[in-house]
Amino acid sequence: MKLLSIEYIPGKEIEALGMVKGTVVQTKNIGRDFMAGMKTLVGGEIVGYTEMLNEARQIAVKRMVDEAKELGADAVIGVMYGSSQVMSGAAEVIAYGTAVKILGDAK
């Protein structure tokens with residue numbers, strides 16, 4: 001399955017099937033929180049949080065792709081990501097785009 005952040009597939013005619021999305025709410029854990037607190041004293045990347053958000057994005061993308069496959073899509077275009085804090089210690093990550101069927105070469 002192709003995932004593109006652009007609104008078209010170069011050289012292809014497409015049919016839009018609808019918006020698809022995948023979402024996950026990920027929480028911090030005590031170990032990561034403790035290490036993050038320590039990291040704020042010395043500065044630098046908080047690797048535990050980076051890994052947590054990368055994992056959350058992968059889950060959200062998989063869910064989006066699964067939804068697109070259910071529609072019979074060949075690709076998802078206009079892919080975007082978003083995130084927000086839904087409660088203290090928990091963040092939502094969403095991936096969304098437009099599921100499309102590739103009809104053939106553009107005329």
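The following paragraphs describe the fold, the strand pairing, the core, the salt bridges and the surface of a predicted model.

The protein has 2 helices and 4 strands, and, read from the N terminus, these elements follow one another in the order β-β-α-α-β-β. Among the contacts whose partners have a separation of 6 or more, 78% join residues 24 or more positions apart. Of the 107 residues of the protein, 24% count as buried, while the accessible surface comes to about 6800 Å², with 57% of that area belonging to carbon and sulfur atoms.

Strand β4, which covers residues 90–105, takes part in two of the strand pairings described here. With β2, a strand that spans residues 12–27, β4 pairs in the antiparallel sense over 15 bridges, and T27 has A90 of β4 as its bridge partner. With β3, which spans residues 75–87, β4 is joined by 10 bridges, and these two strands also run antiparallel; in this pairing S83 is matched with V93 of β4. The strands β3 and β4 form a hairpin that leaves 2 residues between them, and G89, in the turn, has a positive phi of about 85°.

The residue G89 appears again in the surroundings of Q26, which lies in strand β2. Once residues up to four places away in sequence are set aside, Q26 touches M52, E55, A56, I59, G89, A90 and A91. Of these, M52, E55, A56 and I59 fall within the span of helix α2, residues 47–70. The relative accessibility of Q26 is 15%, and Q26 therefore counts as buried, the limit being under 20%.

The largest nonpolar core holds 14 residues, of which V20, M64, A68 and V76 touch the most other members. Two or more residues are given to this core by each of the elements β2, α2, β3 and β4, and the greatest contribution, 6 residues, comes from α2. The surroundings of M64 can be listed in detail: apart from its neighbours within four places in sequence, M64 is in contact with L3, V20, K21, G22, V76, V79, A95, Y96 and G97. Two residues in this list, V20 and V76, are also among the core members that touch the most others.

Turning to charged side chains, the count of salt bridges comes to 4, and three of them are described here. One is formed by E67 and K21, whose closest N and O atoms are 3.2 Å apart. Because E67 belongs to helix α2 and K21 to strand β2, this pair ties together parts of the chain that are 46 residues apart in sequence. Neither partner reaches the level required for an exposed residue, which is over 50% relative accessible area: E67 counts as partly exposed at 22% relative accessibility, and K21, with a relative accessible area of 40%, is likewise partly exposed.

Another salt bridge is made where the side chains of D66 and K62 meet, at 2.8 Å from N to O. Here both residues lie in helix α2, and the 4 residues that separate them in sequence correspond to about one turn of the helix. The relative accessible area of D66 is 30%, so that D66 is partly exposed.

A further salt bridge is formed between D74 and K101, with 3.7 Å between the closest N and O atoms. This pair links distant parts of the chain, since D74 is found in the loop between α2 and β3 whereas K101 is found in strand β4, 27 residues apart. Both partners are partly exposed, D74 having a relative accessible area of 31% and K101 a relative accessibility of 32%.

On the outside of the model, V25, V86 and M87 make a nonpolar surface patch of about 280 Å². The last of these residues, M87, lies in strand β3, and its relative accessibility of 54% is over the 50% limit, so M87 counts as exposed. This contrasts with Q26, which counts as buried at 15% relative accessibility.

Technical notes: Residues numbered from 1 in each chain as written. Predicted model: local features only at pLDDT ≥ 70, side-chain atom pairs only at ≥ 80, totals over all residues. Heavy atoms only, no water. Patch = residues over 30% accessible without salt bridge, like charges linked within 9 Å, V, L, I, M, F, W, Y side chains within 5 Å. Areas by Shrake-Rupley, 256 points an atom, 1.4 Å probe, with all protein chains shown as cover. Buried < 20%, exposed > 50% of the residue type's maximum accessible area, 1.4 Å probe, protein only. Contact = heavy atoms within 4.5 Å. Core = buried A, V, L, I, M, F, W, Y, C linked by side-chain atoms within 4.5 Å. Pairing = 2+ DSSP bridges.
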